[in-house]
Amino acid sequence: MSNLTLILLAAGSSSRFELGVKKQWLRVGNEPLWQLVANRCEKTGYFEKIIIASSPEDIEFMKLYSDFTFVEGGATRQESLKNALKEVDTEHILVSDIARSCISNDFLQRIISRRGESDCIVPYLNVTDTIVYDDKTIDRERVKRVQTPQLSLTSALTSALMQEEEFTDESSAIVANGGKREFILGEEDAHKITRIADLKELSCLKPPSDDTLSGTGFDVHAFDDKGEMYLGGVKIESDYGFKAHSDGDVAIHALIDALLGAAGMGDIGMMFPDSDDAYRGVDSKELLKVVVTKLRNFGFVIINVDITVAAQKPRIGAYKTAMRKTLSTILCIDAQRVNIKATTTEKLGFIGRGEGVGVIANANLKYFDWTKI
């Protein structure tokens, strides 16, 4: 066995990325960035275990992609690392960031080959520009640009992170705790993705696949003789409403399922369970907004949606345009890409008897194309 564990940190919010898309969810082909990095590292055969620290809102979706060990990250890089260390049972540990996506096998070998020589092996780059600190020019030969991955003795890193002070890398924590570090020359291709412009520095990343991802949704709600009726985000003039935990907007519920289905993200009941009082009587448009934001964060773009409302009553012809405008605004697409159709069941079944409404929705997504930024 290698007696070496890899921790990949992917719990960041990408606040400096300024795209709405989390950088760990940018697609390379069909793979999200975090999976691409983890798979490449796994193929080296260097690691006994690979642990990925992820944000709470991402972790369940990540688990659908692979069988790596996932742990919830914290509010800071250091908290995420401490959580991941609880799953480590090897003598040494390599810590890297998903944002360093183009690390070469040679680079990994050079770091791992120094195992046992110090408490922490740290790659660095030289500084070529003049450096001024506190209005004084300092000797750039004494300045290092520290990179990851860093190889640490697990016991040394675990002890070092018990300190209350926050550190931006493992070696700084270890040195502050009395440990030793050794530097090795890093590589320019291990450039870290922090801002949009950084993507252009990484030649190893291929464009996202141009696949179209389709999903369908189906929902029904029975009528209730009280309450207000909402369909497609629009209030329908009616003396009855829907029996439902939320506002009962069956069209939006079917649409949410279609969107989640296209993204492979489960269904509305998983995301907004009707056992949760937080969603009692909730405006379904607010639920749709949450889903649209999550899709964007996870690297999806909505192409179009098509909704079929099956109802003997109420008649919705006069509301179709308002539905299209309302939904297109939430979905951030043109109104022409939101199609609303109405049909009856020729008085057959519960719909035909005027007991409720059924809706079928279809949604098409594509991956966010970061190459066109």
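A residue counts as buried when its relative accessible area is under 20%, as exposed when that area is over 50%, and as partly exposed in between. With that scale in hand, the cysteines of this predicted model can be placed one after another. C102, at 8% relative accessibility, falls under the 20% limit and is therefore buried, whereas C204, at 31% relative accessibility, lies between the two limits and is therefore partly exposed.

These two residues belong together, since C102 and C204 form a disulfide in which the sulfur atoms are 1.7 Å apart. A disulfide is a covalent bond between the sulfur atoms of two cysteines. The torsion about the S-S bond of C102 and C204 is about -75°, which makes this disulfide left-handed. As for its place in the fold, C102 sits in the loop between β6 (92-97) and α4 (105-112), while C204 sits in the loop between β12 (181-185) and β13 (213-224), so that the pair ties together parts that are 102 residues apart in sequence. A search of the whole structure finds 1 disulfide. C120 is in no disulfide, and the nearest cysteine sulfur to it, that of C41, is 17 Å away. C120 has a relative accessible area of 0% and is therefore buried, and C332, with a relative accessible area of 64%, is exposed.

From these single residues one can step back to the chain as a whole. Its secondary structure comes to 11 helices and 19 strands, and its C-alpha atoms fill a box of roughly 80 × 40 × 40 Å when taken along the principal axes. Of the 373 residues in the chain, 51% are buried.

The aromatic residues give another way into the structure, for a search of the whole of it finds 14 aromatic pairs. One of them joins W25 and W34, whose rings meet edge-to-face, at 6.0 Å centre to centre and with 80° between the planes; both of these tryptophans are buried. W25 also pairs with Y65: the ring centres lie 5.6 Å apart and the planes stand at 65°, and because planes over 60 degrees apart count as edge-to-face, this pair is given that name. The pair of W25 and Y65 links distant parts of the chain, with W25 in the loop between β1 and β2 (27-28) and Y65 in the loop between α2 and β5 (69-72), 40 residues apart. The two partners stand in contrast in their exposure, since W25 is buried with a relative accessible area of 0%, while Y65, at 26% relative accessibility, counts as partly exposed. Ring pairs extend this arrangement into a cluster made of W25, W34, F61, Y65, F70 and F298.

Charged side chains also lie over aromatic rings in this model. R27 is placed over the face of F300, at 4.7 Å from the ring centre, and K144 is placed over the face of F183, at 5.1 Å from the ring centre.

Two residues of the aromatic cluster, F61 and F298, appear again in the lining of the second largest pocket, which is formed by P56, E57, E60, F61, K63, L64, M265, D267, M270, M271, K294 and F298. This pocket holds about 300 Å³ of space. Both α2 (56-63) and α8 (268-271) supply at least two residues of its lining, and the largest share, 5 residues, comes from α2. By class, the lining of the second largest pocket divides into 7 nonpolar and 5 charged residues, with no polar ones.

The largest pocket has a volume of about 460 Å³. Its lining consists of 20 residues, among which A11, G12, S13, K23 and K192 lie nearest the centre of the pocket. The elements that give two or more residues to this lining are β1 (4-10) and α3 (77-85). In the lining of the largest pocket, 6 residues are nonpolar, 9 are polar and 5 are charged.

Further along the chain, T345 is found in the loop between β18 (338-343) and α11 (349-352). Its relative accessible area is 23%, so T345 is partly exposed. The C-alpha atom of T345 is separated by 10.0 Å from that of G358, a residue 13 positions away along the chain.

Notes
Residues numbered from 1 in each chain as written. Predicted model: local features only at pLDDT ≥ 70, side-chain atom pairs only at ≥ 80, totals over all residues. Heavy atoms only, no water. 1 Å grid on protein atoms, 1.4 Å probe; cavity = no way out; pocket = protein on both sides within 12 Å on 5 of 7 lines; lining within 4 Å. Points joined across faces, edges and corners; volume = space filled by probe spheres on them. Helix = DSSP H or I, 4+ residues; strand = E, 2+ residues; numbered from the N terminus. Nonpolar A, V, L, I, M, F, W, Y, C, P; charged D, E, K, R; others polar. Disulfide = S-S within 2.5 Å. Buried < 20%, exposed > 50% of the residue type's maximum accessible area, 1.4 Å probe, protein only. Phe/Tyr/Trp six-rings, centres within 6.5 Å; stacked < 30°, edge-to-face > 60°. Lys NZ or Arg CZ within 6 Å of the ring centre and 35° of its normal.
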